[in-house]
Amino acid sequence: MALRAELGALIMAMFSGFVVAEDFALLPQLENYKAPKSWRQPVAPLKISDHTWQIGTQGITSLLLIGSEGAILIDGGMAQTADHLLSNIGRLGLKPSDLKLILHSHAHADHVGSLAAVQRATGAKIVTNAESAVLLARGGANDIHFADKILYPPVKADRILHHGEEVILGNLHLRVHFVPGHTPGSMAWTWQDKVEGEDTKIAYVDSLTAPGYQLIDNPRYPDILQDFGTSLKRVRTLPCDLLITPHTDASGWVFQESIERGSVLDCKEYADIAEQKLGLKRLE
Ligand SMILES: [Zn+2]
């Protein structure tokens, strides 16, 4: 009976384009990091494109790309998300060792907090850039803007990328684009896949926000405004039929029992809103 119900749910999911989520208990709160409830609310795997699944929480994106030679994880969410990610990887029919590479957006605790635990459980290699590798290795300590307020288990990079390089695993081909600003090591990732049979250029673009940052005369990051300017230009020209962001709501996604993407932004709109919020026009 249970098997029939599962089969029924699977057939429903195949027809509706997503897997129906089940009820999950909230993940535990961290003592030193009062994250909003949506960041800790797990979701069942939700299919975004033929090879791309959201396996994180309602508010924080963790993408699993499944290809011919194994899987790639982009972003792991907060430290307490690790077990949930591993269980979602299993629900998609993969063994922990099928996860080969771990990529990320930027090295803050809400996006890379779980990577050390996920790497330990899977043996996947960490792929990042030089700026992020340094922050990952210190577990978020001595952050330019947050000092030692938001720490996470440190991780060591296995491969350091240059801007524009490609990461290939079997039939998965991703390109990295550096979009410094929110952190000096911030990255965007682009790849091509099919959504409901249509060729779709997917862009996973890092946060372009500066929450409480000192933007002018910051001795730790004197070029922050120039970096944001360069990154905004870069984001506007990315191949971008479908934009996804580390904070799901920043691009208009709602991940709950299903995917709602009625008002998802494109890359240009995302950059325009960021520019307005940063007040870059006023500072010119
Ligand atoms: Zn951040």
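T183 is buried, its relative accessible area being 4%, and this residue of the predicted model is placed in the loop that runs between β9 (172-178) and β10 (187-195). When neighbours within four places in sequence are left aside, the contacts of T183 are with H106, H108 and Y221. Two of these partners, H106 and H108, belong to the zinc site, where the protein donors are H106 through NE2, H108 through ND1 and H182 through NE2, at 2.1 to 2.3 Å from the ion. Along the chain, the donors of the zinc ion conform to the spacing H-x1-H-x73-H. H106 has a relative accessibility of 1% and therefore counts as buried, and H108, at 8% relative accessibility, likewise falls in the buried class.

The chain as a whole contains 9 helices and 14 strands, and 52% of its 284 residues count as buried. Of the contacts in the chain between residues at least 6 apart in sequence, 62% link residues that are at least 24 apart. One example of a contact between segments separated in sequence is provided by F178, a residue of strand β9, whose C-alpha atom is separated by 8.5 Å from that of R234, although the two residues are 56 residues apart along the chain. F178 has a relative accessibility of 19% and, because the buried class comprises values under 20%, F178 is counted as buried. Residues up to four places away in sequence not being counted, F178 touches N129, L161, H162, H163, S186, M187, S231 and R234.

Helix α6, which spans residues 130-137, has S132, A133, L135 and L136 as its buried residues. The cover over these buried residues of α6 includes α4 (109-112), β6 (125-129), β7 (159-161) and β10. After α6 comes G139, a residue with a positive phi near 60 degrees.

Two packed helices are described by the angle between their axes together with the distance between the axes. For helix α7 (residues 224-236) and helix α8 (residues 267-278), the axes come within 8 Å and cross at roughly 160 degrees, so that α7 is roughly antiparallel to α8. The crossing of α7 and α8 is left-handed. On the α7 side the contact is formed by F228, L232, V235 and R236, and these meet C267, K268, Y270, A271, D272, A274, E275 and L278 of α8. Sorted by class, the residues in the contact of α7 with α8 comprise 8 nonpolar and 4 charged residues, with no polar residue among them.

The packing of helix α3 (residues 82-91) against helix α5 (residues 115-122) is described by an angle of about 40 degrees, with the axes lying 9 Å apart. Because angles under 35 degrees would count as roughly parallel, α3 and α5 are classed as oblique to each other. The crossing of this pair, α3 and α5, is right-handed. In the contact, A82, L85 and L86 of α3 meet A117, V118, A121 and T122 of α5, and by class the residues of the contact of α3 with α5 are 6 nonpolar and 1 polar, with no charged residue.

Terms used:
Residues numbered from 1 in each chain as written. Predicted model: local features only at pLDDT ≥ 70, side-chain atom pairs only at ≥ 80, totals over all residues. Heavy atoms only, no water. Axes fitted to C-alpha atoms, helices over the stretch in contact; angles between N-to-C directions. Helix = DSSP H or I, 4+ residues; strand = E, 2+ residues; numbered from the N terminus. Parallel < 35°, antiparallel > 145°, perpendicular 65-115°, else oblique. Left-handed = near helix turned anticlockwise from the far one by under 90°. Contact = heavy atoms within 4.5 Å. Nonpolar A, V, L, I, M, F, W, Y, C, P; charged D, E, K, R; others polar. Donors = N, O, S within 2.8 Å, 3.2 Å for Na, K, Ca; no water. Buried < 20%, exposed > 50% of the residue type's maximum accessible area, 1.4 Å probe, protein only.
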